[in-house]
Amino acid sequence: MLKKEIQTEVEKGLMLPLMEEFYTIQGEGYHTGTAAYFIRVGGCDVGCHWCDVKESWNADLHPPTNIEAIVANAKQYCKTIVITGGEPLTWDMGPITQRLKAEGMKTHIETSGAYTLSGIWDWICLSPKKTKLPTDSVYASAHELKVIIHNRHDFIFAEEQAAKVNPNAILFLQPEWSKKEEMTPLIVDYVMNNPKWRVSLQTHKYLNIP
């Protein structure tokens, strides 16, 4: 396939810049501890300085892969599929989620919400970033709001985001990994004083799994 044809397929969401795919245990948020197959797509311009997958940012580093092949791999492992990034909403998620749903799978997304929502989702985990705030479509549809706490000011940001998300979203505060010793006690105190929030931890890192 010629380069221009590939680009057209990517723009249509029929091919995606695939960084990695793996079967593991969900480590964060509402579904912590459950088996899930992760599909990580490249491409992100949100630019979080503490991002632990900066190699995902440049989509050109990751081969455009036909979604039929991605779905065929995914269905061998698990019914719960998590699409993450990078920022997956950089791309049209409609085609891949339609194919996954046709195979009877549950579709989850982990997103900053920086782009308009596309795709058919059973679960939307919104993790907003100050550098590029979520779109209204993601605020309105999120099942889960997960705010990363890197410093004390992030509690203010968390409350600002909680005020924008739909009232049914479940609220989580999660320490940024490099600051976990400092921030976790503050999060515990905050949640005890503001019980609408829950604590999320990156349990997969404690378990030393992907």
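**Figure 1. The lining of the largest pocket mixes nonpolar, polar and charged residues.** In this predicted model, the lining of the largest pocket divides into 16 nonpolar, 14 polar and 10 charged residues. Together, 40 residues line the pocket, and those nearest its centre are Glu 28, Arg 40, Asp 52, Val 53 and Thr 84. Several elements give two or more residues to this lining: strands E1 (15-25), E2 (35-41), E5 (106-111), E7 (144-149) and E8 (170-175), along with helix H7 (203-206). If you want to start with one of them, try E1, which gives the most, with four residues. The volume of the pocket is about 830 Å³.

**Figure 2. One cavity of 30 Å³ or more is found in the structure.** Its volume is about 70 Å³. Which strand gives the most to the lining of this largest cavity? That is E5, with three residues. Strand E6 (123-126) also supplies at least two residues, as does E5. Among the lining residues you can look for Tyr 30, His 31, His 108, Ile 109, Glu 110, Trp 123 and Cys 125. By class, the lining of the largest cavity has five nonpolar, four polar and three charged residues.

**Figure 3. Pro 88 is a buried residue in a loop.** The loop runs between strand E4 (80-84) and helix H3 (94-102). Is Pro 88 buried or exposed? Its relative accessible area is 0%, so Pro 88 counts as buried. Leaving aside neighbours within four places in sequence, Pro 88 is in contact with Val 41, Ile 83, Met 93, Ile 109 and Glu 110. You can also find Leu 16 in this view: its C-alpha atom is 9.4 Å from that of Pro 88, although 72 residues separate the two along the chain.

**Figure 4. The largest nonpolar core has 44 residues.** Nonpolar side chains tend to be buried together in soluble globular proteins. Which members of this core touch the most other members? They are Ile 39, Ile 96, Leu 173 and Trp 197. A second, separate core has six residues, including Cys 44, Cys 48, Cys 51 and Ala 114. Back at Leu 173, the residues touched include Val 147, Ile 149, Phe 155, Ala 158, Tyr 190 and Trp 197, with residues up to four places away in sequence not counted.

**Figure 5. Salt bridges link parts of the chain that are distant in sequence.** The structure holds nine salt bridges. In one of them, the side chains of Arg 99 and Glu 68 meet at 3.0 Å, N to O. Arg 99 sits in helix H3 and Glu 68 in helix H2 (67-74), 31 residues apart. Both residues are partly exposed, Arg 99 at 24% relative accessibility and Glu 68 at 40%. Another salt bridge joins Lys 75 and Glu 103 at 3.6 Å, N to O. Lys 75 lies in the loop between H2 and E4, and Glu 103 in the loop between H3 and E5, so this pair ties together parts that are 28 residues apart in sequence.

**Figure 6. Asp 154 and Lys 130 form a salt bridge.** Their closest N and O atoms are 2.6 Å apart. Asp 154 belongs to helix H5 (153-164), while Lys 130 lies in the loop between E6 and helix H4 (136-141), 24 residues apart. Asp 154 counts as buried because its relative accessibility is 5%, whereas Lys 130, at 43%, counts as partly exposed. Elsewhere, salt bridges that share partners join Glu 68, Lys 75, Arg 99 and Glu 103 into one network.

How values were computed:
Residues are numbered from 1 along each chain as its sequence is written. This is a predicted model: local features need pLDDT of at least 70, side-chain atom pairs count only at pLDDT 80 or more; totals for chains, interfaces and linings use all residues. Side-chain values use heavy atoms; hydrogens and water are left out. Buried means under 20% relative accessible area, exposed over 50%, partly exposed in between (1.4 Å probe, protein chains only). Contact means heavy atoms within 4.5 Å. A nonpolar core is a set of buried Ala, Val, Leu, Ile, Met, Phe, Trp, Tyr and Cys residues joined through side-chain atoms within 4.5 Å. On a 1 Å grid over the protein atoms alone, a cavity is a set of points where a 1.4 Å probe fits but cannot get out, and a pocket is an open set with protein on both sides within 12 Å along at least five of seven lines; lining residues have an atom within 4 Å of a point. Grid points are joined across faces, edges and corners, and a volume is the space filled by probe spheres set on the points. Ala, Val, Leu, Ile, Met, Phe, Trp, Tyr, Cys and Pro count as nonpolar, Asp, Glu, Lys and Arg as charged, and the others, Gly among them, as polar. A salt bridge is a side-chain nitrogen of Lys or Arg within 4 Å of a carboxyl oxygen of Asp or Glu.
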